[in-house]
Amino acid sequence: MAGNLLSNYVQVYVWSAYKQVFKLVQEAGLKLQAIMSCHQCGGNVGDIVNIPIPQWVRDVGEANPDIFYTNRRKMRNIEYLTIGVDDQPLFQGRTAIQLYADYMKSFRENMAEFLDAGVIVDIEVGLGPAGEMRYPSYPQSQGWVYPGVGEFICYDKYLEADFKAAATKAGHPEWELPDDAGEYNDTPEKTQFFADNGTYQTEKGKFFLTWYSNKLIKHGDKILDEANKVFLGCRVQLAIKISGIHWWYRVPNHAAELTAGYYNLDDRDGYRTIAHMLTRHRASMNFTCAEMRDNEQSSEAKSAPEELVQQVLSAGWREGLNIACENALSRYDATAYNTILRNARPQGINKNGPPEHKLYGFTYLRVSNELLEGQNYATFKTFVRRMHANLDYNANIDPLAPMERSKPEIPIEQILEVAQPKLEPFPFIENTDLPV
């Protein structure tokens, strides 16, 4: 279940409808994953409703539009506050981080009975648009169409000032934010930034990409630290969601990943750095596009979802994390289910105990009338059974311990050490050994 900060009034949160739903879930003997949503719902793939961020926050944006993510042409994206205001007291004396923390505190206080009873087992902390830890680099609401490379979204005055200060400290006060990275629907070769021997390979380009991705990692780290304080002692798993940006994965520049804030290249692991940060909070990583096959993608997009999933899951397992996945698109066919099953147990069934690597959890998107009809529902039930290796539910498996306090902050220099060398991913079997 996703909870949104809906109120038009400062520090007023309305949870009554959620309590009713949570009670029904509890009576049915089911568990809940609660998503702390601080982003707009609407304007992304699969969104069928529109729930904006609170009106009083948008009112602040009327007077100061730089609180929102901004592209080079000064187009504002109002899905989520820019990470440039994380520590700026612009919201009636509170910073953005404090807004998110107060929202989570209210949830903790109002949902205590469900947390204490073990109904809520997972707290996924929203860290950006669509709840994902990324920049809004490919917004459909502003005309982006797959497989455009997207745009760097760091041209609000707060991030601009931050970059200028960082560049000056590094001895390059003349460096500016990129002006050669193209627009949303460009292909890499149409830009100077992503071209062969382009800006991304220069000293200036590497500095920018490091700064851009580091800001995202620090953003996630700060909010997870607040979430840890709020839910300390609760028997829940903290989690974050990483977007599966699989297009342009097969080209050296990985352009679409870079604009989203994932500094991932053929010789640099941009996901293990995130995973290493998560070890501080014992948080899990939830990754998308687990149902996709390479051969289903158009050749023009240079897409490789299977290799991307393999890389990200391997990075998380190397850091000792619990790794979860979800599907990106609604699918009801055996091919999609079997791909998920392969990713859930990359080396198949281990008859002598738990697999060395396995998914901690899986979120299926979405429950719909089509899913619950006829053969679709029959196939889905088989899939769920296969995900559990045909075993019955056992409450003693992977029990949740009370949440402990986050470890000391990991210096960003130490986090970056795991980016290189980029290690080979763990081997995945081609097809699941327990198909639907």
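**Asp180, α6 and some backbone details**

Colleague: Which residues is Asp180 in contact with, leaving aside neighbours within four places in sequence?

Modeller: This is a predicted model. In it, Asp180 is in contact with Thr191, Gln192, Phe193 and Thr199. Asp180 itself lies in the loop between α5 (157-169) and α6.

Colleague: How do you know that Asp180 has no salt bridge?

Modeller: A salt bridge needs the charged atoms within 4 Å. The nearest side chain of opposite charge, Lys204, is 6.8 Å from Asp180. So that pair fails the cut-off, and Asp180 is buried without a salt bridge.

Colleague: What makes the approach of Asp180 to Thr199 a polar contact?

Modeller: The two side chains come to 2.5 Å. The limit is 3.5 Å for a suitable N or O pair, so this one qualifies.

Colleague: Why is α6 called largely enclosed?

Modeller: Count its buried residues. They number 20 of the 28, so the rest of the structure largely encloses α6.

Colleague: What span does α6 have, and what is expected?

Modeller: Helix α6 covers residues 203-230. Its first and last C-alpha atoms are 41 Å apart, close to the expected 40 Å.

Colleague: Which residues touch the most other members of the largest nonpolar core?

Modeller: Ile120, Phe152 and Phe231, out of 121 residues. Helix α6 supplies the largest share of this core, 10 residues. Nonpolar side chains tend to be buried together in soluble globular proteins. Beyond four places in sequence, Phe152 touches residues including Phe208, Leu209 and Tyr212.

Colleague: Why is Met292 called buried?

Modeller: Its relative accessibility is 9%. Buried means under 20%, so Met292 passes. It sits in the loop between β7 (284-287) and α9 (305-318).

Colleague: How far apart are Met292 and Pro305 in sequence and in space?

Modeller: They are 13 residues apart in sequence and 6.1 Å apart in space, C-alpha to C-alpha. Pro305 is also among the residues Met292 touches, as are His246 and Thr339.

Colleague: Why is Lys302 called partly exposed?

Modeller: Lys302 has 36% relative accessibility. That falls between the 20% and 50% cut-offs, so partly exposed is the label. Its phi is positive, near 50 degrees, and Lys302 is not a glycine.

Colleague: What is the phi of Asn390?

Modeller: It is positive too, about 65 degrees, in a residue that is not a glycine. Asn390 is in the loop between α11 and α12.

Colleague: Where are cis peptide bonds found?

Modeller: One joins Leu365 and Arg366, with omega about -10 degrees. Another joins Gln420 and Pro421, with omega about 0 degrees.

Key
Residues numbered from 1 in each chain as written. Predicted model: local features only at pLDDT ≥ 70, side-chain atom pairs only at ≥ 80, totals over all residues. Heavy atoms only, no water. Helix = DSSP H or I, 4+ residues; strand = E, 2+ residues; numbered from the N terminus. Expected span 1.5 Å × (residues − 1). Buried < 20%, exposed > 50% of the residue type's maximum accessible area, 1.4 Å probe, protein only. Lys, Arg positive; Asp, Glu negative; His and termini not counted. Polar contact = N/O pair within 3.5 Å; in protein donor to acceptor, adjacent residues only side chain to side chain. Contact = heavy atoms within 4.5 Å. Core = buried A, V, L, I, M, F, W, Y, C linked by side-chain atoms within 4.5 Å.
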